[in-house]
Amino acid sequence: MIPPADLLRKTDCYLHEREALFSPSATKSSDAVRRYKRKSEDIRTPYSRDSDRILHSRAYARYIDKTQVFSLLENDHITHRVLHVQLVSKIARTVGRSLRLNEDLIEAIALGHDIGHIPFGHFGEKCLSLICEREGIGSFRHNLQGVRFLDEIEDLDLTLQVLDGILCHDGESQATVLSPVRIPDDDAFAIFDRKVRDVAAGDPAIPATPEGCVVRFSDTIAYIARDLRDAAEVGLIHDFTDLPPDIRSILGENEGEIINRLTLDLITTGNVSIGFSEEVGSALNLLKRFNYEHIYEHEKTRGQDRIIRTMFEVVFTTLKENLEDEERNSKIFTDYLNTPWISLEYKKSISDAGVVRDFIAGMTDRYFERLYSSLVLPKKVESYRL
């Protein structure tokens with residue numbers, strides 16, 4: 001058996017050999033910065049260790065029942081968050097390998113990038129954001145919430161580079177080329193915390209690493225064609241032939257062709273900056289507009305928005321009242337605040353409205369529906385005898 005110290009030296013030597021082949025712009029393991037450094041590093045790279053921490057987090061486990069676009073459809077073949085995250089990771093690592101970037105960092109960002117998404121997707125986010133603004137705690141953004149879950153609520157002590165990639169993912173952006181804006185080593189987390197506040201105030205989020213840029217575009221590649229496939233599955237469109245000819249002629253005729261075209265273009269165009277060629281980037285934005293019109297904002301997709309908005313109002317208001325009245329049997333205590341994985345520092349500093357926001361944001365669609373039903377439906381009893 002190899003002694004642990006010898007194994008660490010051997011692994012470290014291999015890591016230096018491997019990273020010597022990276023692109024000059026790639027992020028090295030030696031660049032990794034943690035806020036606390038509670039544990040010494042082991043045979044894993046810092047970013048690989050972050051992937052493991054994310055995979056074992058409570059927030060990651062809840063990906064399994066968070067829907068992507070179609071929240072109220074009983075169909076086992078439509079995409080859920082957990083599958084989308086796997087697709088993003090696969091595409092991003094393929095691009096990163098071809099551009100000689102750090103695949104461990106890419107994987108960690110990809111696995112965590114959507115962890116802040118809430119029940120009922122982007123419309124649920126809009127509902128919760130309006131409530132948060134009314135409560136005086138600012139608008140809600142799932143990228144910020146992802147950082148909050150991993151850095152504050154579960155306090156996983158992830159590297160700055162991974163947290164920044166999660167903060168700066170934005171698959172809905174119209175930008176087709178990005179140049180990373182690196183965070184200086186001196187007071188790195190103080191600068192990052194200011195960046196978080198700036199993003200919360202509405203400033204654009206530009207990744208600090210090329211790996212973060214790759215994940216951001218891979219997010220778009222993963223969802224843009226898959227959402228079309230799901231739309232065909234549920235009957236919103238016939239098939240990919242519904243796409244305008246000018247999109248099909250550039251990007252392809254089916255899901256596989258579109259993913260392949262976008263991925264190869266991102267690899268071919270990427271260098272110091274990461275992005276798509278002008279022709280492909282323009283076609284991609286046309287495809288986004290098509291998806292918004294025919295899928296995301298379709299009257300059938302949005303048909304139950306009024307009910308969903310009411311659900312958010314009821315759940316938020318009731319949970320906040322439970323918290324203020326210290327109803328210890330409420331789910332906000334039993335399933336959230338009193339659990340062992342919540343950071344003590346978080347519990348000391350967070351406002352009541354912030355607690356409710358974070359609890360709701362972490363719910364799966366199914367849990368949210370069950371909780372709502374328990375709040376509005378009368379409870380049956382077998383007897384009134386004492």
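Visitor: What volume does the largest pocket have?

Guide: In this predicted model, the largest pocket has a volume of about 1,100 Å³.

Visitor: Which residues are closest to its centre?

Guide: Read a pocket through its lining. Here 49 residues line the largest pocket, and the closest to its centre are G121, H122, F123, E172 and Y292.

Visitor: Which helices each supply at least two residues of that lining?

Guide: Look for α4 (81–98), α6 (121–134) and α7 (142–153). Then add α10 (210–234), α13 (278–296) and α14 (305–324).

Visitor: Now the cysteines. How many disulfides does the structure hold?

Guide: Start with the cut-off. A disulfide needs two cysteine sulfur atoms within 2.5 Å. This structure holds 0 disulfides.

Visitor: Why is there no bond between C132 and C127?

Guide: Their sulfurs are 11 Å apart, which is too far for a bond, and C127 holds the closest cysteine sulfur to that of C132.

Visitor: And where is the closest cysteine sulfur to that of C213?

Guide: In C168, at 8.5 Å, so again too far for a bond.

Visitor: Are C132 and C213 buried or exposed?

Guide: Check relative accessible area; under 20% means buried. C132 has 1%, so C132 is buried. C213 has 0% and is buried too.

Visitor: Let us turn to the surface. Which residues make the nonpolar patch of about 230 Å²?

Guide: L375, V376 and L377 make that patch.

Visitor: Where is L377 in the chain, and is L377 buried or exposed?

Guide: L377 lies in the segment after α18 (365–376). Exposed means over 50% relative accessible area. L377 has 52%, so L377 is exposed.

Methods. Residues are numbered from 1 along each chain as its sequence is written. This is a predicted model: local features need pLDDT of at least 70, side-chain atom pairs count only at pLDDT 80 or more; totals for chains, interfaces and linings use all residues. Side-chain values use heavy atoms; hydrogens and water are left out. Buried means under 20% relative accessible area, exposed over 50%, partly exposed in between (1.4 Å probe, protein chains only). Patches are made of residues with over 30% relative accessible area and no salt bridge: like charges are joined within 9 Å, nonpolar side chains (Val, Leu, Ile, Met, Phe, Trp, Tyr) within 5 Å. Accessible areas come from the Shrake-Rupley method with a 1.4 Å probe; for residues, only the protein chains shown count as cover. A salt bridge is a side-chain nitrogen of Lys or Arg within 4 Å of a carboxyl oxygen of Asp or Glu. Helices (H or I, at least four residues) and strands (E, at least two) are DSSP runs, numbered from the N terminus. On a 1 Å grid over the protein atoms alone, a cavity is a set of points where a 1.4 Å probe fits but cannot get out, and a pocket is an open set with protein on both sides within 12 Å along at least five of seven lines; lining residues have an atom within 4 Å of a point. Grid points are joined across faces, edges and corners, and a volume is the space filled by probe spheres set on the points.
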